Structures are given as structure tokens and as C-alpha cells.
Amino acid sequence: MSKKIIFSFESELELAKNLTTKINANIGKVELKHFPDGESYVRLHENVKDQEVIIISSLNQPDQKIMHLILLAQTAKELGASKVGLIAPYLAYMRQDIRFNQGEAVAARIFAGLISNYFDFLITIDPHLHRYNSLDEIYSIKNTVLHAPLVIADWINHNLKNHEKKLIIGPDIESQQWVEQVAKTVGASFIVLEKTRHSATEVEISIPDLSSYQDHTMILVDDIISTAGTMLKAIDNIKKLSSAEIYVIAVHALFANDAYQKLLDKKIAGIFSCNTVRHVSNMIDVSDMIARAVKNEKN
Ligand code: R5P
């Protein structure tokens with residue numbers, strides 16, 4: 001069987017190299033540039049005829065990447081690739097999933113249509129499925145959704161093993177799916193807080209009585225940290241009720257603007273993330289999980 005060719009965006013190169021050792025693949029040479037006027041330029045320096053092509057690009061800052069992605073996928077097809085798949089460890093445009101206000105674009109559906117037009121399959125990790133039950137509701141291509149809780153739990157077991165009692169905390173109801181599984185696998189208790197969002201940056205979070213967890217290490221787990229408003233508020237509220245050590249773990253470390261610094265300023269015990277979006281907090285490796293999904297991708 002011929003090797004797959006992986007074309008990677010710069011930010012995913014480490015993950016892509018890691019994958020080539022786990023699946024039967026080579027990294028393909030590609031030029032991704034911008035003309036002085038901002039238009040995108042793509043050139044493949046690889047013969048893709050009758051080859052399976054996989055493009056790896058995490059879709060944080062998606063508007064800066066989408067033209068390169070489309071030009072790359074379409075060019076691979078025009079040059080005879082047998083299949084063109086997308087590994088997007090972080091999938092963008094999942095939160096604007098309804099028309100909240102009259103006249104708004106339902107970006108999740110439109111973006112899904114665009115990706116479905118150019119790719120044959122999609123592999124992603126914990127997309128923000130809130131009002132959709134599955135990606136099939138908006139993506140018309142074959143998609144594989146992977147979940148990070150087991151690798152997060154495994155990481156906690158290895159790295160926080162000296163913390164005998166742990167409380168896994170979800171900052172809002174949507175995070176329950178992650179915290180419940182992490183807690184179960186780690187053998188810890190969990191609680192889920194109540195969040196009310198007032199704007200993109202302002203949230204209110206209510207916190208229950210923590211008196212029975214005073215001797216526990218608190219581990220906040222969420223899918224995304226963007227402005228960090230959610231985590232900052234949750235940390236403030238936990239600190240009002242407890243002096244326990246606090247850790248923060250996210251699947252996708254988006255960290256908009258100075259969000260990471262604001263979180264560092266809280267001087268908590270640690271801030272960690274999966275390597276789905278390249279960031280200094282990446283400690284939890286998802287490449288084994290992605291490799292398994294690629295191997296399961298049938299011709
Ligand atoms: C929202 O429901 C998500 O699960 C995250 O809680 C949210 O995206 C975090 O955003 P931010 O860091 O901007 O508060």
C-alpha cells in the first residue's frame with residue numbers, strides 16, 4: 001500500500017512529524033505564502049497522483065487559514081490525489097450554531113458546507129457540539145470525532161499522582177461531558193458550576209459549598225479557553241471558598257489576546273492543555289489518538 005502524504009501548516013508541523021512515525025505517511029513539501037496584497041498562494045512540490053493526501057491544520061484563527069486550506073485541497077484533487085482528508089485537531093466556527101439575533105449568519109453551518117465541498121473526510125477532537133448532536137447535522141463528509149477526556153485523565157494520573165484527593169470541576173453545564181469522564185477515569189469526585197454569559201468576555205459563575213472538599217486539589221477542566229473569562233471567574237469564586245491548590249486543564253488552548261497572562265497572574269498551581277492548538281501550555285499529547293483514527297480511515 002502506498003504511503004499517505006501529509007501536508008501540514010507550520011503550527012502543526014510537530015504533530016505531523018509525530019504522526020508520520022505512527023502511520024504510514026510522509027510529510028509533503030508545500031509552499032503556503034501570501035502575496036504582498038494579502039492574497040493566498042499555494043504550491044505543491046510533491047507528486048500526489050493516486051496518493052491519499054491528508055492536510056493537518058488546527059482551525060484556530062480560521063479566517064487566516066481558510067484560503068490556503070481550500071487552495072491546497074482543490075489543487076491536490078486537480079493533480080490526481082485519490083482522496084483528500086482534513087485533520088483539524090481544533091475545529092472552528094462551532095459556537096455560532098444558531099441565529100441568536102435576527103439577521104446573523106449561522107457560521108457553523110456555512111463553514112461546515114465550505115469544508116465539506118473540498119474535503120473527503122474530517123478528523124477532529126472535541127468540537128464544540130452544543131445545539132447540534134453530531135457533526136453529521138452540518139458536515140456532509142465522513143467525519144470522525146475524537147474525545148480528549150481519556151488522555152487528560154491519563155495525564156492527571158501520571159502527573160498529579162501525589163495529590164491524593166482531587167475534585168474535578170466543570171465551569172459550566174456544557175463541560176459536564178468532559179469532567180464526568182475525566183473524574184470517573186481518575187477515580188475522583190466532580191462538580192459542575194452554573195455559568196451565565198453576559199457577553200463574549202463577561203460571565204457570572206455560581207459556586208456550591210466546597211466545605212467537604214477542603215483537603216482536595218481542585219482541577220478545572222473545559223473544552224476551550226478563549227478569553228479565559230470563564231476560568232478566571234471560576235478561579236476567583238473557588239478562591240473565595242477554598243485555599244486548595246487549583247489546576248486548569250483545557251482541550252483547546254485558544255487564549256485570545258492576553259488571556260494566558262491573565263490566567264498566569266492568578267498564580268494557580270498549573271495551566272495545561274492538549275496539543276490540539278500549539279501553545280506553551282501544551283502538555284497532553286493527542287497524536288496517538290489521531291494516528292488510530294487515521295489508521296481506521298478506510299480506502
Ligand atoms: C463554552 O461553552 C465553552 O465550553 C467554554 O467555556 C468557553 O468557550 C470559554 O470561553 P472563554 O475562555 O472566552 O470564557
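The largest pocket in this predicted model has a volume of about 750 Å³. What fills that space? The ligand does: the space it takes is the largest pocket. There's also a second largest pocket, with a volume of about 400 Å³, plus a cavity to look at further down.

**The largest pocket**

- Count the residues lining the largest pocket and you get 27, with Arg95, His128, Glu174, Lys195 and Arg197 lying nearest its centre.
- Strand 11, strand 13 and helix 6 are the elements that each give two or more residues to this lining.
- Which of them gives the largest share of the lining? That's strand 13, with 4 residues.
- Sorted by class, the lining of the largest pocket has 10 charged, 9 nonpolar and 8 polar residues.

**The shell around the ligand**

- The ligand has 15 residues around it, and the closest are Glu174, Asp222, Asp223, Thr227 and Thr230.
- Glu174 is worth finding on the structure, as it's listed among the closest residues to the ligand and also among those nearest the centre of the largest pocket.
- To find your way around, look for strand 11 (194-197), strand 13 (217-225) and helix 6 (229-241), each of which supplies at least two residues of the shell.
- Strand 13 provides the largest share of the shell too, with 4 residues.
- How many residues of the shell are charged, polar or nonpolar? The shell splits into 7 charged, 5 polar and 3 nonpolar residues.

**Polar contacts with the ligand**

- Threonine 230 has a polar side-chain atom 2.5 Å from an oxygen atom of the ligand.
- Alanine 228 uses its backbone instead: a polar backbone atom there is 2.8 Å from an oxygen atom of the ligand.
- Arginine 95 joins in through its side chain, where an N or O atom is 3.2 Å from an oxygen atom of the ligand.
- On its own the ligand has 380 Å² of accessible area, and the protein covers 95% of that.

**The second largest pocket**

- This pocket is lined by 18 residues, and Gln61, Pro62, Tyr90, Arg95 and Leu254 lie nearest its centre.
- Arg95 shows up again here, having already been named among the residues nearest the centre of the largest pocket.
- By class, the lining of the second largest pocket has 10 nonpolar, 6 polar and 2 charged residues.

**The cavity**

- How many cavities of 30 Å³ or more are there? The count comes to 1.
- The largest cavity has a volume of about 40 Å³.
- Its lining is made up of Tyr90, Leu91, Tyr93, Met94, Arg95, Asp126, Pro127, His128, Ile224 and His252.
- Those residues divide into 6 nonpolar, 2 polar and 2 charged.
- You'll spot some familiar names in the cavity lining, including Arg95 and His128, both of which are also listed nearest the centre of the largest pocket.
- Tyr90 is another one to look for: it helps line the cavity and is listed among the residues nearest the centre of the second largest pocket.

Definitions and conventions
Residues are numbered from 1 along each chain as its sequence is written. This is a predicted model: local features need pLDDT of at least 70, side-chain atom pairs count only at pLDDT 80 or more; totals for chains, interfaces and linings use all residues. Side-chain values use heavy atoms; hydrogens and water are left out. A residue is near a molecule or strand if one of its heavy atoms lies within 4 Å of it. A polar contact is a pair of N or O atoms within 3.5 Å; within protein, one must be able to donate a hydrogen and the other to accept it, and residues adjacent in sequence count only if both atoms are side-chain atoms. Accessible areas come from the Shrake-Rupley method with a 1.4 Å probe; for residues, only the protein chains shown count as cover. On a 1 Å grid over the protein atoms alone, a cavity is a set of points where a 1.4 Å probe fits but cannot get out, and a pocket is an open set with protein on both sides within 12 Å along at least five of seven lines; lining residues have an atom within 4 Å of a point. A molecule sits in a cavity or pocket if more than half of its atoms lie within 2 Å of its grid points. Ala, Val, Leu, Ile, Met, Phe, Trp, Tyr, Cys and Pro count as nonpolar, Asp, Glu, Lys and Arg as charged, and the others, Gly among them, as polar. Grid points are joined across faces, edges and corners, and a volume is the space filled by probe spheres set on the points.
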